[in-house]
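Let's explore a protein chain together, one question at a time. Have a look at the model first, and then we'll work through what can be read from it.

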Amino acid sequence: MIVFDKLWKTLKERNISQYKLIKEYKISTGQLDRLRKNGNVNTYTLNTLCEILDCKLEDIAEYRK
């Protein structure tokens, strides 16, 4: 299972709020809800988050057995 627990830590470290993701970077509330619930998220969204946060995928997502 892929979990996005690291995303929230990385957002805090970069001082970027969920509100800013929605308003400034046009990330949909639906995508954020799926991330919060560790649901299905497309690679486009993951790529966009990595670009916004200037980070690697492993900084926002983790695979757990």
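A residue is called buried when its relative accessible area is under 20%, and exposed when it is over 50%. Keep in mind that this is a predicted model.

Q: Is Cys50 buried or exposed?
A: The cut-off for buried is under 20% relative accessible area. Cys50 has a relative accessible area of 13%, so Cys50 is buried.

Q: Is Cys55 buried or exposed?
A: We can use the cut-off of under 20% again. The relative accessible area of Cys55 is 15%, so Cys55 is buried.

Q: How many disulfides does a search of the whole structure find?
A: A disulfide is a covalent bond between the sulfur atoms of two cysteines. To count here, the two sulfur atoms must lie within 2.5 Å. The sulfur of Cys55 is 4.3 Å from the closest cysteine sulfur, in Cys50, and that is too far for a bond. Searching the whole structure gives a disulfide count of zero.

Q: In what order do the elements of the protein chain run from the N terminus on?
A: The protein chain has four helices and two strands. Reading from the N terminus, their order is β-α-α-α-α-β.

Q: What is the radius of gyration of the protein chain, and how does it fit the globule rule?
A: For 65 residues, the globule rule gives 11 Å. The chain's own value is close to that, so the chain is as compact as a globular protein of that length. Its radius of gyration is 11 Å.

Q: Which residues of helix α1 are buried, and why are they on the same side?
A: An α-helix has 3.6 residues a turn, so residues three or four places apart point the same way. In α1, which covers residues 5–13, there are three buried residues to look for: Leu7, Thr10 and Leu11. They cover an arc of only 105° around the axis, which puts them on the same side of α1. The answer is therefore Leu7, Thr10 and Leu11, on the same side because of that arc of only 105°.

Q: Which exposed residues does the opposite face of α1 carry?
A: The buried residues of α1 pack against α2, α3 and α4. The face turned away from that buried side carries Lys9, Lys12 and Glu13.

Q: Is Asn15 buried or exposed?
A: Asn15 lies in the loop between α1 and α2, and takes a positive phi of about 60°. The cut-off for exposed is over 50%. At 67% relative accessibility, Asn15 counts as exposed.

Q: Which element gives the largest share of the largest nonpolar core?
A: In soluble globular proteins, nonpolar side chains tend to be buried together. The largest such core here has 17 residues, and Phe4, Leu7, Leu21, Leu35, Leu49, Leu53 and Ile60 touch the most other members. The elements giving two or more residues to this core are α1, α3 and α4. The largest share, five residues, comes from α4.

Q: Which residues is Ile60 in contact with, leaving aside its neighbours within four places in sequence?
A: Ile60 is one of the core residues that touch the most other members. With those sequence neighbours set aside, the contacts of Ile60 are Val3, Phe4, Lys6, Leu7, Thr10, Leu46, Leu49, Cys50, Leu53 and Cys55.

Definitions and conventions
Residues numbered from 1 in each chain as written. Predicted model: local features only at pLDDT ≥ 70, side-chain atom pairs only at ≥ 80, totals over all residues. Heavy atoms only, no water. Buried < 20%, exposed > 50% of the residue type's maximum accessible area, 1.4 Å probe, protein only. Arc of directions from axis to C-beta. Contact = heavy atoms within 4.5 Å. Core = buried A, V, L, I, M, F, W, Y, C linked by side-chain atoms within 4.5 Å. Rg over C-alpha atoms; globule rule 2.2 N^0.38 Å.
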